Amino acid sequence: MNADEKILEALILLIVDGDERVRSYMRIALSSVHFKITLDEVTTHEEALTALRNKHYDCLFVGKPLPDGDGRNLLRELIARENDVPVVMMTEARDEQLAIELLQAGATDTLPKSTISSEVLERRLRDVMRLAL
């Protein structure tokens, strides 16, 4: 087993998004990746902070608009708390300027919600977890 396979043997992920459809697309897509995923879901900034206090996650997928604020605020708070969990910011559209801003703010990667598929998520997770080493 190579290092990438060991890293991806089992991942614990948290999806933070107020849109049930997005969370559903993520659940479906992640159910088809070629490694074991434990998936938790929350809908708000505050629920995400509570989840992070109670459990270790290997990666977070955070929607930009949240019912109680902006996903960027959650990202900033995680950076300020020196939380080193990789964060993939999910965006509404392919907006290069927004992607650059989110990466500069500390996101590990960005993912346009319109591109969610098992192939894209598997590739992104491999890349993100490799960067996290």
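**A walk through helices α4, α5 and α6**

Okay, let's start with one residue: T91 has a relative accessibility of 4%, so T91 counts as buried. Before I go on, please keep in mind that this is a predicted model. T91 sits in strand β6. Who does T91 touch, if we skip residues up to four places away in sequence? The answer is L98, L102, L111, P112 and K113.

Two of those names come back in a moment, when we get to helix α5.

So, helix α5 runs over residues 96-105, and its buried residues include L98, A99 and L102. These three cover an arc of only 100° around the axis, which puts them on the same side of α5. What about the other side of α5, buried or exposed? Over there, E96 and Q104 are exposed. And what covers the buried residues? Among the elements doing that are α4 (71-80), β6 (87-91) and β7 (109-112).

Now have a look at the two ends of α5. At the N-terminal end, D95 acts as a cap, with a side-chain oxygen 3.1 Å from the backbone nitrogen of Q97. After the helix comes G106, and its phi is positive, near 120°.

Let's move over to α4, because you can tell a similar story there. 

In α4, the buried residues are G71, L74, L75 and L78. They cover an arc of only 100° around the axis, which puts them on the same side of α4. The N-terminal end of α4 has a cap as well: D70 places a side-chain oxygen 2.7 Å from the backbone nitrogen of R72.

What follows α4? That would be E82, with a positive phi, near 55°. Now, E82 is a residue other than glycine, and its phi is still positive. You'll find E82 in the loop between α4 and β6. Its relative accessibility is 71%, so E82 counts as exposed.

Next, put the two helices together. How do α4 and α5 pack? The angle is about 25°, and the axes are 10 Å apart. Angles under 35 degrees count as roughly parallel, and α4 and α5 are therefore roughly parallel to each other. If you want to find the contact on your screen, look for R72, L75 and I79 in α4, which meet L98, E101, L102 and A105 in α5. Notice L102 again: L102 is one of the buried residues of α5, and L102 also touches T91.

On to α6. This helix has 15 residues, 118-132, and here's a little sum you can do yourself. At 1.5 Å a residue, α6 should span 21 Å, and its end C-alpha atoms are 21 Å apart, which agrees. If you try it, remember that you multiply by one less than the number of residues. Which residues of α6 are buried? They are S118, V120, L121, E122, L125, V128 and M129.

So how does α6 sit against helix α2, residues 20-30? These two pack at an angle of about 80°, with their axes 8 Å apart. That makes α2 roughly perpendicular to α6. The contact is made by M26, A29 and L30 of α2, together with S118, L121 and L125 of α6. You may recognise S118, L121 and L125 from the buried list of α6.

Just ahead of α6, let's stop at T115, which is in the loop between β7 and α6. Is T115 buried or exposed? T115 is buried, with a relative accessible area of 12%. Its side chain reaches the backbone oxygen of P112 at 2.7 Å. Leaving out residues up to four places away in sequence, T115 touches R94 and V120, and V120 is on the buried list of α6.

Let me finish with two residues from other parts of the chain. One is T50, in helix α3, residues 45-54. T50 is partly exposed, with a relative accessible area of 35%. Its side chain and that of R53 are joined by a polar contact of 3.1 Å. And how far is T50 from E96? They are 46 residues apart along the chain, and their C-alpha atoms are separated by 31 Å.

The other is K36, in strand β2, residues 36-42. At 53% relative accessibility, K36 counts as exposed. Compare K36 with L13: they are 23 residues apart along the chain, with 11 Å between their C-alpha atoms.

That's my tour. Have a go at finding T91 in the structure and working outwards from there.

Key
Residues are numbered from 1 along each chain as its sequence is written. This is a predicted model: local features need pLDDT of at least 70, side-chain atom pairs count only at pLDDT 80 or more; totals for chains, interfaces and linings use all residues. Side-chain values use heavy atoms; hydrogens and water are left out. Helices (H or I, at least four residues) and strands (E, at least two) are DSSP runs, numbered from the N terminus. Buried means under 20% relative accessible area, exposed over 50%, partly exposed in between (1.4 Å probe, protein chains only). The arc is that of the directions from the helix axis to the C-beta atoms. Contact means heavy atoms within 4.5 Å. A polar contact is a pair of N or O atoms within 3.5 Å; within protein, one must be able to donate a hydrogen and the other to accept it, and residues adjacent in sequence count only if both atoms are side-chain atoms. Axes are lines fitted to C-alpha atoms, for helices over the stretch in contact, and angles run from 0 to 180 degrees between N-to-C directions. Angles under 35 degrees count as roughly parallel, over 145 as roughly antiparallel, 65 to 115 as roughly perpendicular and the rest as oblique.
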